[in-house]
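Please open the model in your viewer and keep the sequence panel beside it, since this tour moves from one selection to the next.

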Amino acid sequence: MRCAHRRVAMVVHDLLVVGLGPAGVTAVVQARRDGLDVVAVGDEPPGGLVAAARRIENLPVWPQGIAGRVLARRMARWVRTSNAAVVQDTVIALDRTDSGIFSCTTRRGAVFLARSVCLAPGTRPVPLPPELFGLGCPVFRDIRNLPRRKGAVVAVVGGGDAAFDTALSVADLGMRPVLWVRGKVKASQGLVEEVEARRIPVAASLIPEAELVVACIGREVRDELLLALLPEGLPRDICTAVPGLFVAGDAIRGRERFVA
Ligand SMILES: Cc1cc2nc3c(=O)[nH]c(=O)nc-3n(C[C@H](O)[C@H](O)[C@H](O)COP(=O)(O)OP(=O)(O)OC[C@H]3O[C@@H](n4cnc5c(N)ncnc54)[C@H](O)[C@@H]3O)c2cc1C
């Protein structure tokens, strides 16, 4: 039986891009420059995880750094002006037919067909056991949905760039961050110096007075669509063993996450 609300797009696009973080946006813009007919599906506004970053400092075009939110807005503009067809939705299934055409289905029931696909789904936070923190206070995974409570003590968990950057964002918002670094500090020298200059405490154990926790630890590739087509595992390169299927961004690099 055919579902009455299902909309079937008969057009076969040159390229389908899944995910509109920096990797997906770059794929859209470059493919449009090459004259391809592109449809892009992203379940968040363009920019992806970049919107959680206080400042992106490793892009040569912005040697002084650029705020993540500002960069995300620019990415949204690039996508708009590229004239690609952009859909805000989640791709829930992706198949390749015998004729080599990819068919993707979205959560809202739309179907898109394309001759090639660029998957740029980025990463998601690994679920953490609540008892890991043992404080009974709410745990957030990045700054985007952290409640703004002036003066609140916020434990920021992690020793990498994302944790140090987030601690600085928390301080900018008028809250009181305390970094909980369980192992070695892996953040870049510049971020460490900025945290020291702002006198943000770095603790080896979780402080009991924390009212909110931001856990900047444990992310994994959003691999569900990839593994459906590549059962042998995630590719280490933009090209995959499936003709016409490409992967971009953090979905390739996994543990090393960066925009450039
Ligand atoms: C606090 C913080 C600070 C950072 N600072 C820096 C920095 O200074 N320099 C730097 O280089 N990097 C930095 N990063 C890392 C950087 O943000 C990421 O490396 C980059 O965003 C990865 O880009 P991406 O496009 O691969 O994935 P993402 O940005 O994760 O985007 C993927 C997008 O695809 C969407 N998506 C996934 N699956 C689907 C689906 N099935 N259907 C539809 N949409 C889907 C996701 O919702 C997301 O919007 C920072 C990250 C954080 C958290």
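**Helices 3 and 4**

Begin by selecting helix 3 and helix 4, and look at how helix 3 passes helix 4 in a left-handed crossing. Bear in mind throughout that this is a predicted model. The contact between the two is made on one side by D161, F164, D165 and L168 of helix 3, and on the other by L191, V192, E194 and V195 of helix 4. If you colour these contact residues by character, you will find five nonpolar, three charged and no polar ones.

Now widen the selection to residues 161-172 for helix 3 and residues 189-197 for helix 4, whose axes come within 10 Å of each other and cross at roughly 30°. Because angles under 35 degrees count as roughly parallel, helix 3 is described as roughly parallel to helix 4.

**Helices 1 and 2**

Next, select residues 22-33, which form helix 1, together with residues 68-82, which form helix 2; their axes lie 10 Å apart and the helices pack at an angle of about 30°. Helix 1 and helix 2 are therefore roughly parallel to each other, and helix 1 passes helix 2 in a left-handed crossing.

Which residues make the contact here? Show the side chains of P22, V25, V28, V29 and R32 on helix 1, and then those of M75, W78, V79 and S82 on helix 2, and you have the set that makes it. The residues of this contact of helix 1 with helix 2 divide into seven nonpolar, one polar and one charged.

**The second largest pocket**

For the last stop, turn to the second largest pocket, in which about 180 Å³ of space lies. To display its lining, select A51, A52, A53 and R54, add R69, I143, R144 and R148, and finish with S169, D172 and L173. Coloured by character, the lining of the second largest pocket divides into five nonpolar, one polar and five charged residues.

How values were computed
Residues numbered from 1 in each chain as written. Predicted model: local features only at pLDDT ≥ 70, side-chain atom pairs only at ≥ 80, totals over all residues. Heavy atoms only, no water. Axes fitted to C-alpha atoms, helices over the stretch in contact; angles between N-to-C directions. Helix = DSSP H or I, 4+ residues; strand = E, 2+ residues; numbered from the N terminus. Parallel < 35°, antiparallel > 145°, perpendicular 65-115°, else oblique. Left-handed = near helix turned anticlockwise from the far one by under 90°. Contact = heavy atoms within 4.5 Å. Nonpolar A, V, L, I, M, F, W, Y, C, P; charged D, E, K, R; others polar. 1 Å grid on protein atoms, 1.4 Å probe; cavity = no way out; pocket = protein on both sides within 12 Å on 5 of 7 lines; lining within 4 Å. Points joined across faces, edges and corners; volume = space filled by probe spheres on them.
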